[in-house]
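Colleague: Got a minute to go through this fold with me? Put it up and we'll take it from there.

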Amino acid sequence: MAEAKYAYGLGRRKAATARARLYKGKGNVTINDKPAADYLDGNTTMLAEITDPLALVNKQKDFDVTVRVSGGGLSGQVDAIKLAIAKALTVDHSDLRSTLKKAEFLKRDPREKERKKYGLRSARKREQYSKR
């Protein structure tokens, strides 16, 4: 039995990590062994956002995508999946790299939640200053 060939990409955003595999196929997207529409509760905006890198290079119907995602919330997971798919696309098709780079699909968003500091109410919020 021959192993199915795939392209692999890793994406991270906030606390979410996504590992995407691109197989030759018909355009099915599976997230954690569920169809993408079920995993995202039918949120069409997020579903469209996941396939943005594929749509940019007109390859939505050329690949089946399987994703393992963990950590974070739904929005962070969607951004991590998008980055993972974009990185996986560039593995076999290095000619698409410049197109994806111009559209900023290969950039990782570095913003993370800042930790709460002692003596403060949150990361930066302080008690109101009283002069008198």
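**Sheet, helix and pocket**

Modeller: There's an open sheet of five strands, in the order β1-β2-β5-β3-β4, with mixed pairing. Strands are DSSP E runs of at least two residues, helices are H or I runs of at least four, and both are numbered from the N terminus. Two strands pair if DSSP finds at least two bridges between them.

Colleague: Which strands stand at the edges?

Modeller: β1 and β4 (34–35); each has a single partner strand, so one side of each is left without a neighbour in the sheet.

Colleague: Before we go on, what kind of model is it?

Modeller: It's a predicted model: local features need pLDDT of at least 70, side-chain atom pairs count only at pLDDT 80 or more, and totals for chains, interfaces and linings use all residues. Residues are numbered from 1 along each chain as its sequence is written, and side-chain values use heavy atoms, with hydrogens and water left out.

Colleague: OK, back to pairing. How many bridges join β2 to β5?

Modeller: Eight, and those two run antiparallel. Thr17 has Ser70 of β5 as its bridge partner. β1 and β2 (residues 16–24) are also antiparallel, over seven bridges, and Arg13 stands opposite Ala16 in β2.

Colleague: And which strand pairs with β5 in the parallel sense?

Modeller: β3, over three bridges; Val29 is matched with Val65 in β5.

Colleague: What does α4 lie across?

Modeller: β1, β2, β3 (29–31) and β5 (63–70), running at about 150° to β1. Axes are lines fitted to C-alpha atoms, for helices over the stretch in contact (heavy atoms within 4.5 Å), and angles run from 0 to 180 degrees between N-to-C directions.

Colleague: Is Gln77 buried or exposed?

Modeller: Gln77 lies in α4 and counts as buried because its relative accessibility is 8%. The cut-offs are under 20% relative accessible area for buried and over 50% for exposed, with partly exposed in between (1.4 Å probe, protein chains only). Gln77 touches Ala16, Tyr39, Val69, Ser70, Gly71 and Gly72, not counting residues up to four places away in sequence.

Colleague: Which residues of β5 are on its covered face?

Modeller: Phe63, Val65, Val67 and Val69, while Asp64, Thr66, Arg68 and Ser70 make up the uncovered one.
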